[in-house]
Amino acid sequence: MTQGKSQVSDSYSVMTKVKVLFLDRDGTIIYDKLGGYISTLEQVSMLPRADDGIALAKSAGYKIVIITNQAGIAKGIVTEPRVIEINEYMQRMLREKNAEYDLIYYSPYHPHYPKPEFEKFALWRKPETGMVDEAIKDLAAEGFEVDRSQSYFIGDKQVDVACGINAGLHPILVLTGYAEQSQCILRQTPPEYIAPDLYDAIANYILAKDVLAKDAPVSHAAADTTGGAAMQP
Ligand SMILES: [Mg+2]
């Protein structure tokens with residue numbers, strides 16, 4: 001499910017190539033309620049520098065799309081209107097730093113809590129790529145062609161990294177939230193980069209790579225002078 005789709009432009013317009021940061025929500029942008037689900041506005045708290053990092057990415061031309069599993073809905077822990085309210089509340093916090101997201105998608109589905117009305121979102125639940133695919137379709141309808149080779153999936157869980165890999169995006173793990181580094185090793189889904197937090201992932205890896213690419217358009221290597229570390233497969 002998504003919030004705030006904008007108007008579809010006419011189909012004859014030329015597609016504009018865009019780079020996108022697909023971001024997990026809980027444990028990546030805002031503090032996760034570890035072992036539970038965020039279900040009140042009081043529990044929404046920005047992780048340090050997350051908003052600043054997103055603002056940097058936006059000024060560098062990236063579109064921001066939030067991709068979040070919200071199985072608390074299927075489990076009856078949080079209502080769907082409340083999830084929407086929480087998303088809008090987070091958007092207002094981000095807007096104060098010029099870091100608002102362009103689109104947001106959430107999956108209410110959980111395989112152990114089957115609800116007929118949520119079955120259609122089974123393939124939206126990360127590590128499945130339904131939400132990413134839907135976002136790419138919605139952006140195409142607005143005249144934007146997502147360049148997956150220049151786009152990233154950033155999250156704190158193994159399913160985020162796996163979703164990024166499955167969707168053909170550059171996967172990055174952040175060591176905030178659940179920081180599932182060992183899960184990534186166990187399940188053989190190595191992220192391209194491991195960052196202490198979202199700000200580092202954006203400022204010291206993604207934007208640093210962009211600068212290197214500009215300086216050496218023919219041949220360039222990923223920055224290795226950053227705060228994070230590449231993970232061996
Ligand atoms: Mg998370």
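The legends below describe close-up views of a predicted model.

**View 1. Overview of the protein chain.** Six helices and nine strands make up the secondary structure of the protein chain; both are DSSP runs numbered from the N terminus, helices being H or I with at least four residues and strands E with at least two. Residues are numbered from 1 along each chain as its sequence is written. In this predicted model, local features need pLDDT of at least 70 and side-chain atom pairs count only at pLDDT 80 or more, whereas totals for chains, interfaces and linings use all residues. Of the 233 residues, 46% are buried, that is, 20 or more other C-beta atoms, placed from the backbone, lie within 10 Å of the residue's own (exposed, 12 or fewer; partly exposed, in between).

**View 2. The open sheet.** Seven strands, in the order 1-5-4-3-7-8-9, build an open sheet with mixed pairing; strands pair if DSSP finds at least two bridges between them. Strand 1 (2-3) and strand 9 (193-195) are the edge strands, each pairing on one side only.

**View 3. Strands 3 and 4.** Four bridges link strand 3 (residues 20-23) to strand 4 (residues 63-69) in the parallel sense. In this pairing, L21 stands opposite I64 of strand 4.

**View 4. The loop containing K115.** K115 belongs to the loop between strand 5 (103-107) and helix 3 (130-141). This residue counts as partly exposed because it has 14 C-beta neighbours inside 10 Å. Although K75 is 40 residues away along the chain, its C-alpha atom is separated from that of K115 by 9.4 Å.
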